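This report introduces a structure to a reader who has not met it before. Please keep the sequence and the model in view while reading.

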Amino acid sequence: MEEIAESAGFSIGALYSNFGGKEALFLALMAERGLGRVAEATHARERHGADTGETAAELGCLLVHTADKDTDFAPLQAEFWLYAVRNPRVLDTMATALREPHQALEGLIGSWLAERGAPPEVSAASVVAALSQGLVRQRRIDPDSVPEELFGQALIWLFTGIGRGASATDQD
């Protein structure tokens, strides 16, 4: 905490008064990072409009950048998850802290699905988040198994399936 306070130009007391401790600080950083990733995805979608293929390709690039260049964060996130699983109080706090980025992802996916004529599917945000985290980890283990286009292609498969599921339901 001393190093973080010094790096941020705060006293340790000021840091603790704003975050209350390492857990709260890390959760705030995780939430901010999550919101940043959703903002990047939103900008990609806005840049490419209805061109789902181009948007998906850019999202694949973002995932590869995360896996290949941001090498410290995923292990920290995994370690904090393990810590939280062992400490239910922290797990509840983690869920609360990550709710805002998750809701932002729900909004982005909902608008993307609506453009494709698919029904809104709130659970898709959980699937996309898990897919992203899993592919980042898999790429770190074996980069060849997660080529740049895989994440975007998987999103297209997911969204196409959601749209087809709605069509099949309508026909029943």
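## Terms and model

A residue is called exposed when its relative accessible area is over 50%, buried when that value is under 20%, and partly exposed in between. By this scale Arg47, at 53% relative accessibility, counts as exposed. The model discussed here is predicted.

## Overall make-up

The protein chain contains nine helices and zero strands. Read from the N terminus, its elements follow the order α-α-α-α-α-α-α-α-α. The chain has 172 residues, and 30% of them count as buried.

## Packing of helix 3 and helix 4

Two packed helices are described by the angle between their axes and by the distance between those axes. Helix 3 covers residues 22–48 and helix 4 covers residues 52–69; the angle between them is about 150°, and their axes lie 8 Å apart. Angles over 145 degrees count as roughly antiparallel, and helix 3 and helix 4 are therefore roughly antiparallel to each other. The crossing in which helix 3 passes helix 4 is right-handed.

## Salt bridges

Side chains of opposite charge can pair when their charged atoms come close. How many salt bridges does a search of the whole structure find? The search finds six. Three of the pairs described below include an arginine of helix 3, namely Arg37, Arg45 and Arg47.

In one salt bridge, the side chain of Arg37 meets that of Asp70, with an N to O distance of 3.1 Å. This pair links distant parts of the chain: Arg37 belongs to helix 3, whereas Asp70 lies in the loop between helix 4 and helix 5, and the two are 33 residues apart. Arg37 counts as partly exposed, since its relative accessibility is 29%. A network of salt bridges links Arg37 and Asp70 with Arg33.

Another salt bridge joins the side chains of Glu115 and Arg45, at 2.4 Å from N to O. Here too distant parts of the chain are linked, with Glu115 in helix 7 (residues 99–115) and Arg45 in helix 3, 70 residues apart. Is Arg45 buried or exposed? Its relative accessibility is 11%, so Arg45 counts as buried.

A further salt bridge brings together the side chains of Glu58 and Arg47, at 2.2 Å from N to O. Glu58 is in helix 4 and Arg47 in helix 3, eleven residues apart, and the pair links distant parts of the chain. Arg47 is the residue introduced above as exposed, at 53% relative accessibility.

## A buried residue in helix 7

Helix 7 also holds Ile109. This residue counts as buried because its relative accessibility is 3%, a value that falls under the 20% limit. Between Ile109 and Glu121 there are 8.1 Å in space, C-alpha to C-alpha, and the two are twelve residues apart in sequence.

## A nonpolar patch on the surface

Which residues form a nonpolar patch on the surface? The patch is made of Trp81, Leu82, Val85 and Leu91, which together have about 340 Å² of accessible area. Helix 5 (residues 73–86) supplies the largest share of the patch, three residues.

Trp81 is placed in helix 5. With a relative accessible area of 45%, Trp81 is partly exposed, because this value lies between the limits of 20% for buried and 50% for exposed residues.

Note on methods
Residues numbered from 1 in each chain as written. Predicted model: local features only at pLDDT ≥ 70, side-chain atom pairs only at ≥ 80, totals over all residues. Heavy atoms only, no water. Patch = residues over 30% accessible without salt bridge, like charges linked within 9 Å, V, L, I, M, F, W, Y side chains within 5 Å. Areas by Shrake-Rupley, 256 points an atom, 1.4 Å probe, with all protein chains shown as cover. Salt bridge = Lys/Arg side-chain N within 4 Å of Asp/Glu carboxyl O. Helix = DSSP H or I, 4+ residues; strand = E, 2+ residues; numbered from the N terminus. Buried < 20%, exposed > 50% of the residue type's maximum accessible area, 1.4 Å probe, protein only. Axes fitted to C-alpha atoms, helices over the stretch in contact; angles between N-to-C directions. Parallel < 35°, antiparallel > 145°, perpendicular 65-115°, else oblique. Left-handed = near helix turned anticlockwise from the far one by under 90°.
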